[in-house]
Amino acid sequence: DIPKALEICEDLEKIHLAGKEEECAYEQDYLIATAYMYQGKLKEALEMAGETYRIAGKMSDDYRMFLSELLEAKIQMSGWYNIFFCAQDVKIKESLIQNLIRYNYRNHLAHVYIYAYDNKPEIVKKANQSEELLIYFSRGIRIAKKLGNEYLINMAYQKNIMLSSTNGMYEISLLYSVRTYEALKDKRSIQAGRIYSGIAYNLCAIGENERAMAYYRHAIRLFYHLREPEDIAEVQYNMSLNCIMCGQYEKAEFYLTQCMKAVERLHLNSLRVCNLSKLYGLLALVSILEGNRFNCERYLLNCRQFLNYIIEKEKENENKEIIHDYAKCDEDMFLYTFSMAMLNRMDGKKEEVLVSFEQAERFLLQAEGNEFFSYRLFRKERMKLFEEMGRSERCQMERATLLQHEEINSQAARLLPMNLLKEIDLGEHPETCAVQEEDIELLIKQEGLFQDYATSRRQMEFISTWQKLIDVSGSNV
């Protein structure tokens, strides 16, 4: 409860300890900085952390100065909370590393080594030769293993899985998926289910679609047994991408619709693996591919509501500047512009079609390989457009680009160490029996009702407490 924590921090100002004013000010500012960090207000958190360092310096307190420096480093990495990886390496002072060792902050040291360094794709790629070539990452893993911190080891491997898969290094992603699985003590846990889904995602990316579906189904069975509807929705989202690759647009729409039901009933702002704008973009794309103009327009309108900030910013900068932030929306914008191009094509608006395709091309390149499921489809549709326009040279260029993409994928498939998958158990277990779609819908409905009940109960408790305060004060409502 971060708002409550900040409220208590304000109350600390009322506490006055004679002769310890600086210590009190330090502790209050430190707690406020920490609360801001977990609230995602990183700018405010950094400013407050800087204030704690100033107070500690005035006190000539080396230990508190160290804690302030450590807090600043944590803030730069979002507090190691709800984070897959840092967008770039974080500059860490050598003095901070030495102090982490000096004060025996080994768990923090492991976090710094894992998250602050080795975030560049060209560095992660070296893991295929030896993990020891990721110097800082391997140091962090060794410390985490000595401490027995299984959670950090799992998150560290997840970091490299995300880094490698989003940069097309599927063999590295698979390698770390297997290592994460091997490090798990409980092979029937949520983490295991996410590994199954991650492996399926990588198999899907290189065109092993049938094998991918086997892992997706296994993940769903496990999540159903664990009663984790949000994780089931994320798997169904990934399954929809697999279906798009196979040209099964009706199935893709079904899985995406199931995701939307989960989002609505569980009151989610997004899924862990995608934004709502991307869900609407995918629904718009599969709708137009099925020839459903009405649904496509409806989903595009919903999609635009989430992306309007970027669309308007693009207009202001005359398409010369793209707004990038930690959670990039290039994939969402690609789906929006691609769907618009297909819709305009259906209406015979050739000039608008060309503009939309050019915009989609730009976002596709910026999406850094994450749109593998629609890449082939996009290139083929562009080829059709240029053929219709009589622009044979552009059509040949598209065909050459597509052939190059196919060759890269084939090479990736050959490099993928499939023998590693022998370490992953997909055998049948009593708790992983077949799950019907009706069972999943019932689970989501039940969990949604449970959440609604819990929310109503908290509201009633608040009203009851508020009423008691009024009664005690003797006030009238």
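Tutor: A charge sits over a ring if NZ of Lys or CZ of Arg is within 6 Å of the ring centre and within 35 degrees of the ring normal. Please keep in mind that this is a predicted model.

Student: What makes R362 a residue that lies over the face of F363?

Tutor: R362 is placed at 5.1 Å from the ring centre of F363, and the distance cut-off is within 6 Å. R362 is listed as lying over the face of F363, and R298 likewise lies over the face of Y299, at 4.6 Å from the ring centre.

Student: Why is the pair of F338 and F378 called edge-to-face?

Tutor: Ring centres must lie within 6.5 Å to pair, and planes over 60 degrees apart count as edge-to-face. The centres of the F338 and F378 rings are 5.2 Å apart and their planes stand at 85°, so the pair earns that name. Because F338 belongs to helix α17 (residues 330-346) and F378 to helix α19 (residues 372-388), the pair ties together parts that are 40 residues apart in sequence.

Student: How do you know whether F338 is buried or exposed?

Tutor: Buried means under 20% relative accessible area. F338 has a relative accessible area of 0%, so F338 is buried, and F378, also with a value of 0%, is therefore buried as well.

Student: Why is the aromatic pair of Y63 and F66 called tilted?

Tutor: Planes under 30 degrees apart count as stacked and those over 60 as edge-to-face, with the rest being tilted. The planes of Y63 and F66 have 45° between them, and the distance is 6.1 Å centre to centre, which fits a tilted pair. Both residues sit in helix α4 (residues 62-76), and because they are 3 residues apart there, about one helical turn separates them. Ring pairs also link Y63 and F66 with Y103 and Y105 into a cluster.

Student: What makes Y63 partly exposed, and is F66 buried or exposed?

Tutor: Partly exposed is the range between under 20%, which is buried, and over 50%, which is exposed. Y63 has a relative accessible area of 35%, so Y63 is partly exposed, whereas F66, at 1% relative accessibility, counts as buried.

Student: Which residues touch the most other members of the largest nonpolar core?

Tutor: Of its 95 residues, Y216, Y237, L271, L279 and F338 do so. Helix α15 (residues 276-289) gives the most to this core, with 10 residues. Apart from it lies another core, of 42 residues, including M77 and F137.

How values were computed:
Residues are numbered from 1 along each chain as its sequence is written. This is a predicted model: local features need pLDDT of at least 70, side-chain atom pairs count only at pLDDT 80 or more; totals for chains, interfaces and linings use all residues. Side-chain values use heavy atoms; hydrogens and water are left out. A nonpolar core is a set of buried Ala, Val, Leu, Ile, Met, Phe, Trp, Tyr and Cys residues joined through side-chain atoms within 4.5 Å. Buried means under 20% relative accessible area, exposed over 50%, partly exposed in between (1.4 Å probe, protein chains only). Helices (H or I, at least four residues) and strands (E, at least two) are DSSP runs, numbered from the N terminus. Rings of Phe, Tyr and Trp (its six-membered ring) pair if their centres lie within 6.5 Å; planes under 30 degrees apart count as stacked, over 60 as edge-to-face and the rest as tilted.
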